[in-house]
Amino acid sequence: MPAVLAFSLKQARCMALAAQGFSGRQPPAQIKAAHLNRLIARLGVLQIDSVNAVVRSHYLPLFSRLGNYSPLMLEQAAWSQGRRRSLFEYWGHEASLLPMAMYPLMRWRMERAKQGQGIYAQMARFGREQQSTVQRVLRAVQQQGPLGAGSLSTREERAGPWWDWSDEKHALEWLFAAGLVTVAGRRGFERLYDLPERVLPGEILQINVGEADAQRGLLLHSATALGVATEKDLRDYFRLEPADSRLRLAELVEDGQLLSCQVQGWNQAAYCLPEPKVPRSVSASALLSPFDSLVWERARTERLFDFRYRLEIYTPQHKRVFGYYVLPFLHNERIAARVDLRAERANGCLAVHAVHEEEPGLDEQGMVALARSLRQMADWLGLQRVLLNCQRPSAARLRVAMLGMDVGL
């Protein structure tokens, strides 16, 4: 009987970082659309989030890995008309941008959504009970698309906060989940919906992939993007159901497309692709979006990096521990600090509201790397300076590092 593959925790970290596109190599001097497309194809999914404290979240993972790229390239890949469009929007992890080639792997999820499965209960109920509204909205899109929810709304009362959607918005979201409409573009952050056949390549729409094959394909993509992972890690990447994930994982292992392995300190079995590549080290430094796929699965983040991370955006201010919009700082295979940041565009500055080092802290080289990352982010965002609003000792050390680099404060 062959020996079970076993990896040290350091090896698992290096595998995960390399799989996520943190190679430790210098990014190309001129970043082109092909670089973005290759990276997104590797990641498989970019999570979209509306919070704009620094920049919309889907822009950040590419910056963390590539450096100073033009956000216009991502917008063209996601929402342009014609051949430059290489991405589509759908429920991948959460609301996500995915490579066009993955559209056939999502069709089964759309079919389930039509049956009210795998979507929010309120949306499923609306789809069952309000088909007259759904069909009216679909006809409007057919005749007038692309359309936003605001242009269709018939409500007279003022909308409340958060998810107080109009009936037309509910209908559009049901149609979107069911694959009967797709996102043609955005007006600001508002989605504009149209028919898939008017937005997506015809050859993509003609590809049919069975449910089981699609789920196996998603798990294989998860394994590629994660390097080494537990069943729950693999499942969470594209939000598969536990029963589906376990069944398909067993099939992939039996077929030899995934290998069972062990990772030092992990209680659960892990899985990786055959002939896994294990880098000796990964020397990347990067500020990470709170919605970066490296840190999505919080239990995995703790297992890999001994880093407990929770979003505090929706936590009342007096109860926050680290801050409102906190970016983990990756440095030399550790998540070594967390930084509460805000882009204050009117003042032309990237404001650092808090710096928290993780034990055993950042050495001088690490603090210089953080200073450099902040300066690079400010440049990318078109901000003239980095403003240190934090009074913690870590910020004092950061100030010294920035002054040593002659960074504008």
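# A friendly walk through a predicted model

An open sheet with mixed pairing has 4 strands in the order β1-β8-β9-β7. The structure is a predicted model.

Colleague: Which strands stand at the edges of that sheet?
Modeller: Look for strands that have a single partner strand. Such a strand has one side left without a neighbour in the sheet, so the edges here belong to β1 (5–7) and β7 (229–230).

Colleague: Which helix packs on the sheet, and what angle does its direction make with that of β1?
Modeller: The helix is α1, residues 9–19, and it touches β1 and β8. Its direction and that of β1 make an angle of about 90°.

Colleague: In what sense do β8 and β9 pair, and which residue of β9 stands opposite L259?
Modeller: Strand β8 covers residues 259–263 and β9 covers residues 270–272. They are joined over 3 bridges in the antiparallel sense. Opposite L259 in β9 stands C272.

Colleague: Since we have met a cysteine, how many disulfides does a search of the whole structure find?
Modeller: A disulfide is a covalent bond between the sulfur atoms of two cysteines. To count here, the two sulfur atoms must lie within 2.5 Å. The sulfur of C272 has its closest cysteine sulfur in C261 at 4.1 Å, too far for a bond, and the sulfur of C14 is 15 Å from its closest one, in C272, which is also too far. The search of the whole structure gives a count of 0.

Colleague: Are C14 and C272 buried or exposed?
Modeller: A residue counts as buried when its relative accessible area is under 20%. C14 has 0% relative accessibility, and C272 has a relative accessible area of 0%. Because of those values, C14 and C272 are both buried.

Colleague: How far does helix α11 reach from its first C-alpha to its last?
Modeller: Helix α11 runs over residues 211–226, which gives it 16 residues. At 1.5 Å a residue the expected reach is 22 Å. The model is close to that, with a reach of 22 Å.

Colleague: Which residue follows α11, and what is its phi?
Modeller: Within α11 itself, the buried residues include A214, L218, H221 and L226. The helix is then followed by G227, with a positive phi near 85°.

Colleague: How many residues of β11 are buried?
Modeller: In a regular strand the side chains alternate between the two faces of the sheet. In β11, V326, P328 and L330 lie on one side and L327, F329 and H331 on the other, and both faces are covered. Strand β11 is residues 326–331, and its buried count is 6 of 6.

Colleague: Which strands pair with β11, and over how many bridges?
Modeller: One is β12, residues 334–344, which runs antiparallel to β11 and has P328 bridged to R338. That pairing has 6 bridges. The other is β10, residues 285–287, with S285 bridged to H331. This pairing is also antiparallel, and β10 and β11 share 3 bridges.

Colleague: Which residue in the hairpin of β11 and β12 takes a positive phi?
Modeller: The hairpin has 2 residues between its strands. The phi in question is near 50°, and the residue is N332.

Colleague: How many salt bridges are there in the whole structure, and which residue does K169 meet in one?
Modeller: The search finds 27 salt bridges. K169 and its partner both lie in helix α8 (residues 167–177), 4 residues apart, or about one turn of the helix. Both are buried, and at 2.7 Å, N to O, the partner of K169 is E173.

Colleague: Which residue forms a salt bridge with K232?
Modeller: K232 lies in helix α12 (residues 231–237) and its partner in the loop between β10 and α14 (298–305), so the pair ties together parts that are 65 residues apart in sequence. K232 is partly exposed at 42% relative accessibility, whereas the partner is buried with a relative accessible area of 12%. With the closest N and O atoms 3.9 Å apart, that partner is E297.

Colleague: Which residue forms a salt bridge with R338?
Modeller: R338 is in strand β12, and its partner, 20 residues apart, is in the loop between β13 (349–357) and α15 (364–380). R338 is buried at 3% relative accessibility, and the partner is buried at 16%. The closest N and O atoms are 2.9 Å apart, and the partner is E358.

Definitions and conventions:
Residues numbered from 1 in each chain as written. Predicted model: local features only at pLDDT ≥ 70, side-chain atom pairs only at ≥ 80, totals over all residues. Heavy atoms only, no water. Buried < 20%, exposed > 50% of the residue type's maximum accessible area, 1.4 Å probe, protein only. Expected span 1.5 Å × (residues − 1). Pairing = 2+ DSSP bridges. Contact = heavy atoms within 4.5 Å. Axes fitted to C-alpha atoms, helices over the stretch in contact; angles between N-to-C directions. Salt bridge = Lys/Arg side-chain N within 4 Å of Asp/Glu carboxyl O.
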